[in-house]
Structure formats: structure tokens, C-alpha cells
Amino acid sequence: MKDSQQFNPTENAIALFDESQHLTVFNQRLAMLWGLSTNWLKQKPDLRSFFAEVVSLGYWSQAQYLQLMAIMESIQSEKLQYIKQTNGVCLDTYISLTSDRGYIFTFRDVTAYETVRSNLSTQVKQQAFVLGLMERLQPASELQEIGEFALGYLVEAMGAAFGDIKIITGVEFDAVAHVLTNQVSAKFIAVCGDVARGEMETLLGKGIPYGQGLLWQVVTTGEPLFVDDYKNHPSAVSAFKHHSIGDLGIFPIPAANGNIIGVLTLESRTAQKLRDAPQQDMLLAACRLMGVAIERVQNQVRLSEINQDLEQASQLKSEFLTSMSHELRTPLNSILGFSDLLLQQVAGGLTERQVKYAQIISESGQHLLGLINGILDLAKIESGKAELELQSVKVANLCVQCLEMIQHRADKKRLILSQDIDQQLGLVNIDERRVRQMLINLLSNAVKFTPEGGQIKFACRVAYGSQLQEQYRPDRSPVNPSTPYLCFEVQDTGIGIAQDKWNLLFRPFQQVDASLTREHEGTGLGLALTKRLAELHGGTVSLESVEHQGSTFRIWLPLTEMRGELATNILTVPPAVAENKMELKSKNAKRIWVVEDQPYNQELIIEVLQLEGYIVDLIPDGGVMMEAMQASIASLMPDLIMLDIQLPKVDGFEIVRQLKASSDWKHIPVIAVTAMAMKGDRDRCLAAGVNAYMSKPLDLNLLNENIRAMLLN
Ligand code: ADP
């Protein structure tokens, strides 16, 4: 191609440079794009001078020019480059090498797409902002944090010279708008100086009283307000009337119920920008989010103040009760002491009637003493001053003592008192005096509220959270179904309690029927104390009752927190050494080997078995189990083996095979435990010779049943 040719105008501008890098072909569109003269173009300018001209005409920056030149040097065959010109026109520039080492440039005007794309990206940004704001405000616990974050973004996004968030306090004419946070752009300070900024901040710091300025209109109507040319507005606050302030938008910040609890003010060069959707929608959405967050934090602050007041009131109440109880005790001492002396008739004989009077004084005094002690106890527990004196207690002995204490009273009413105390229960870490107090409370109530000839059954055993979950409890604390509890149970065939009264029983001074109280002496504190003492042990109380038929009260003390001196033997040392350590163990208790590698399962199974009174040896893997089997020390031989099938080193199937092949071991029952729970597992285990098969998670009741059944055989 010898001459430059002119093409018809098309959508794309085209320029072809030959191997000597001179413009040889172009179209009209190319000339139009940069207002280049066709004559000049026909003079075949070279590539560098061509683009230098575009720069000198002000369409491109020097940097854009240099970038394009760099591309030209490295281009292999073709390249697409996006160029945003200084006049806002966006070009997709497609450069491709020709066969004779020239270049073809195609410039496509993509400004229209760009606008759509940038609108879309603004909307996406706004969505992202609202989402980000939500995420950020959710955990915020400080009003300041909420305000600063939201305002910072909004001022920036709107290009505002300043903005603030105000919170409304007080009501009606006493309302004041206090600034939560405000932001002034560096540009505003540069133009107006620090003085103007200082004036604005002083005014904001004082708060704007009801009626002043424009914001109250927004608070009243709940609608945003846009003010063109704020500085000349008649209602403008004078300290804010500054020449560089353009227009203002004031947006309501609503609480969840729609009440306006604050306002957001943003300055803008033109209020149109704040008015336009989607900005306005975004600003209103941001205000709603802020409203919810602000209200939440305000409520939290209010609640914590109330809590502090309540705590203080409760503390004062406890102190008052404690000191009052002490004051009452002193005169009571005299009443009790002197009525006793009277009854002993040391100062001379009394008539029968006088003796009766003295008896009444003494009994009333005792009753009063009981009340005072109860109040003191409760006050102490409620103020958090009561501490448990935990010690290893033989539970069965404690139960028997309590029954003996109540026996006489039961006999007097011809009540049959029976007991079912699990003798396997060993030592448990509890506060003996407190537990005795709870048991005597329940037993005394059973005696009191059971008519002559009735029955009272006392039981004590290990039970699990799953059983507790089904029962009525005065508290609703969560219960883990597999937690083992020491459970005391007092069952009577007495008057029972109507279900609608159950919730009252465990509150201080609540007696179901006042007429009964006269009939049955009582303080109305026993159950409240029992509940709190159980809670002090980390436990709870429960109740079942049918009116006119009887009641069952239970105390549940979690054993997980109170494992006393139950120790586990871990057979990781050669069995010969282990033997010496274990000589101390009781000869009667059955011994169970737990072959289990997972620490959590180890703990649970050991806990349960020890609570059932077994001696437990832990074997942490298949290798140790094989060693222990080979050693076969008579005094260490287990009565039963609980064997996890998936074990490190030697797996459970192999161990079962070896056990069942050995004349020493084959008679020892084996319970296989597996987490695999696959179809056919059970059969595989039983075929290998295990006596029972259980899958994880273990049903602890079933486990105990299985073990008991096997140890009986
Ligand atoms: P007190 O027995 O000193 O009145 P408690 O707190 O021990 O106080 O008991 C509160 C109330 O609960 C009793 O007054 C009685 O109405 C009811 N109550 C407690 N135990 C029983 C029971 N075993 N059978 C029927 N009602 C009972």
C-alpha cells in the first residue's frame, strides 16, 4: 500500500502502521476521535509522533503514552489495552502485528458500557457497604464505635465537607440532640481554617436544644430533609453558616419501633447527590442499621445499670438480713435459756398450766431460731458468701445417718420408712453437713405431709442427665444427657402438690396452703434452701407429684465435678510394676480393663465404671494390651474387658482372636465397642468371639446393664 487511504466512518477507529512504523491506512473515525486533521494523517506520521500528538492535544497523559510504547516493544502478536482518556472517553485498544511487521490499531469507544459498569459497581459497592456496616455494627458494644465507622464511610462516599451523627436525649421540649461523632474533611479545614471547625465543634459539644436548627423537623416527621444553600437558610444555626458549606441532607435514624432516636447530617456540594437514588436509599438503609445498633447498645447500658442497682440492692438486703438475724439471736438466747430453766423448775415448782406456757414459749423460740438460721443461710448463699467444705464422704453411711435421724418422727406417725441405697457407691466429694441438711429437709417434709400409716421411700443411686431431663425442675439450666449424677430420692404417699403450685415451692416463704402450715409446723424455707444448696454443688432439684397421692423430690449432684479419690490405673508401665501399686485396691470389687485410645472416651467410660464401684484399668493401645495379656498376672486379671475395636498398633479383632485362643483368657467376657457402626460390624465382632457389641456413642445405661449381666454369669 503506497498511499494513505481514507475509509468510511465506522464504529471503530482504525490505524495501520507499516513495517517502517508509518501510518498508511486510517479511517474517518480515527480523525474524529482526537480531532486530527486528515491532511496531517495523510502525511503518514510515524507511530511515536502520532501518539505524541494525542498526548499534546491533551487526550492522553504522558504515562498512558509511555505504557503504550512499552507494549509495542514487547508485543508478540496481539494485545488488548484499556485506556481511559482525560476527557472521560474510554477506549478498548486492540493492537495486532501484521504479517509484514506493521501494526493495526483498532480503537473501540466503550464509554457507554463503562457508565453502566461503573453504575453497577457503585451499586455493588453500596450493597457491600450496607452489608459491611451490618456486620460491623452487629458486635459493636460502644456507640462511639458504631458512629465513627458509619460516618467515616458516608462522608467519604458522599464527598462531604463534613458530617455528624446526633443522638436525641430527653423528650418533647426538653429534648437535646447530642453529637455522637462528627467528621470534618481536610479540605474543609484547609478552606475555612481551624477556627471555623473549632466553632462548629464547640456548638456540637454543647448539644442542640429542641427547636433550634433544622434537625428537629426530621425528628418530628421521620422524613429526610434536603437543604439547598444552607448558609442562606433562615433556620440555619449561625455557627454553621459558613461560606464553604454547600447543601445539606439530614436523615432520620429510627429505632426498631420507628421512633427517631438520632439524625445523620451530611454536607454535599449539591444536595441532588444525596437526594438521588440509589444514594438516598443507601443512606436511609444505613440509618436504619445504625438505629438498631444504637438502640441495642443503649439497652445494654441501661440493663447493666439496672443489674448493678439490683446487685447492690440484693447485697444490701443480705447485709440487712444478716445483721437483723444476729440482733434477733441475742434476745432469743434468753427466751430459750429462761424457758428451759422454767421447765426444769429450778427456781421453784410450776403449775401444770405454767409448764404448758413455758413449753409453748420454748417451742415458739425454737421455731423462731429455725427461721433465723434459715434466713441467715439463704442470705449467705444468695450473697455468694457460702462456701462448700468438700470432703470425701461415704455416701451410704450419710444416708443411713439421715434415716436414723428421721426414724423416730416417722414412727410417731406410724409411717413405713424404707430405703434403697446403692451399696456400690463409694466415696464422693461433697459438703457432708450441707447434703445432710438437704436430705433432712426432704425427709422432714415427707413425714410432715404424709398422713398416718403412709409410706416414705428413700433411695440413693447414680443416675444420668437423660433421666433428669424428663423431670420438672424449678430452674431451666441445660443438662447434658450423659452427665452422671449422685441422685437422692425421697418419695412419699402424702398429700401431694397441685401442678400449678410447683413453681412456688422452691421460693422462700412459699407454702402451698396456709391452713396446712398451721397444721404442719414449717418455715417455708426448707425447699428454697435445698435448691440453692444443690446448686452450690453444681446440681439441681426435681419434683414429681400428684395431688392426694404423693410426691417424689430428688436432689441431683453431678459426679463429674466431685470425683473424690477415685483413681484410675493406667497400664502403660510393665504389668509387674503395676501389680504392686494395685495391691491396695479392694479385693472384692470387680476389675474391668478398658482398652481405649481416645482420651474423651477413656474419661467417660472410666467415670461411669468407677461410679458403679468397679476397679478400672486403662489400657491405651493394642500393643500394651498384648503385653498385659502375655504377662497374665493373676492378681491383675480383669473380670471383664471393654475393648475398642479401632486401636493403634494391634487392632481389636486381633486382640479378640488372641484372647479367645488362650486358655487363661478365653473365659473373660469381652464387650466390643466400635465407632464404625457399619452394617455387618456387629456380626463380625460376634463372630470374632466377643460376648457383647456396643456402638458409640455409648448408651451408658445399657452399658451398665450389659456389664452387670456379664459379671453375674
Ligand atoms: P416448710 O416445709 O418449712 O413449710 P418447705 O420449703 O420445705 O417449707 O416447703 C414449702 C412447701 O412445700 C410446704 O409448706 C408444703 O406446702 C410443700 N411441700 C413440701 N414438701 C412436700 C411434700 N413432701 N408433700 C406435699 N407438700 C410438700
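Is tyrosine 472 buried, partly exposed or exposed? In this predicted model, tyrosine 472 has a relative accessible area of 24% and is therefore partly exposed, since the buried class is reserved for values under 20%.

The structure holds 19 aromatic pairs. One of them joins tryptophan 34 to phenylalanine 50 in an edge-to-face arrangement, with 5.9 Å from centre to centre and 75° between the planes. Tryptophan 34 belongs to helix H1 (residues 28-34) and phenylalanine 50 to helix H3 (residues 47-56), so the pair ties together parts that lie 16 residues apart in sequence. Both tryptophan 34 and phenylalanine 50 are buried.

Tyrosine 472 takes part in another aromatic pair, formed with tryptophan 502; this pair is tilted, with a centre-to-centre distance of 5.3 Å and an angle of 55° between the planes. Because tyrosine 472 is located in the loop between helix H14 (465-469) and strand E17 (484-492), while tryptophan 502 is located in helix H15 (residues 502-505), the pair ties together parts that are 30 residues apart in sequence. Tyrosine 472 is partly exposed, whereas tryptophan 502, with a relative accessible area of 9%, is buried.

Ring pairs also build a cluster, which links Phe17, Trp34, Trp40, Phe50, Phe51, Trp60, Phe105 and Phe107. Tryptophan 34 and phenylalanine 50, the edge-to-face pair described above, are thus among the members of this cluster. A ring is also involved in an arrangement with a charged residue: arginine 684 lies over the face of phenylalanine 653, at 3.9 Å from the ring centre.

The loop between H14 and E17 also contains aspartate 475. The relative accessibility of aspartate 475 is 15%, so this residue counts as buried, the limit for that class being under 20%. Apart from neighbours within four places in sequence, aspartate 475 is in contact with Lys531, Glu535 and Thr540. With threonine 540, the side chain of aspartate 475 forms a polar contact of 2.7 Å.

Glutamine 21 is placed in a further loop, between strand E2 (13-17) and strand E3 (23-27). At 31% relative accessibility, glutamine 21 counts as partly exposed. When neighbours within four places in sequence are left aside, the contacts of glutamine 21 are Pro45, Asp46, Leu47 and Tyr103. A separation of 8.5 Å is found between the C-alpha atoms of glutamine 21 and arginine 48, two residues that are 27 residues apart along the chain.

How values were computed
Residues are numbered from 1 along each chain as its sequence is written. This is a predicted model: local features need pLDDT of at least 70, side-chain atom pairs count only at pLDDT 80 or more; totals for chains, interfaces and linings use all residues. Side-chain values use heavy atoms; hydrogens and water are left out. Rings of Phe, Tyr and Trp (its six-membered ring) pair if their centres lie within 6.5 Å; planes under 30 degrees apart count as stacked, over 60 as edge-to-face and the rest as tilted. Helices (H or I, at least four residues) and strands (E, at least two) are DSSP runs, numbered from the N terminus. Buried means under 20% relative accessible area, exposed over 50%, partly exposed in between (1.4 Å probe, protein chains only). A charge sits over a ring if NZ of Lys or CZ of Arg is within 6 Å of the ring centre and within 35 degrees of the ring normal. A polar contact is a pair of N or O atoms within 3.5 Å; within protein, one must be able to donate a hydrogen and the other to accept it, and residues adjacent in sequence count only if both atoms are side-chain atoms. Contact means heavy atoms within 4.5 Å.
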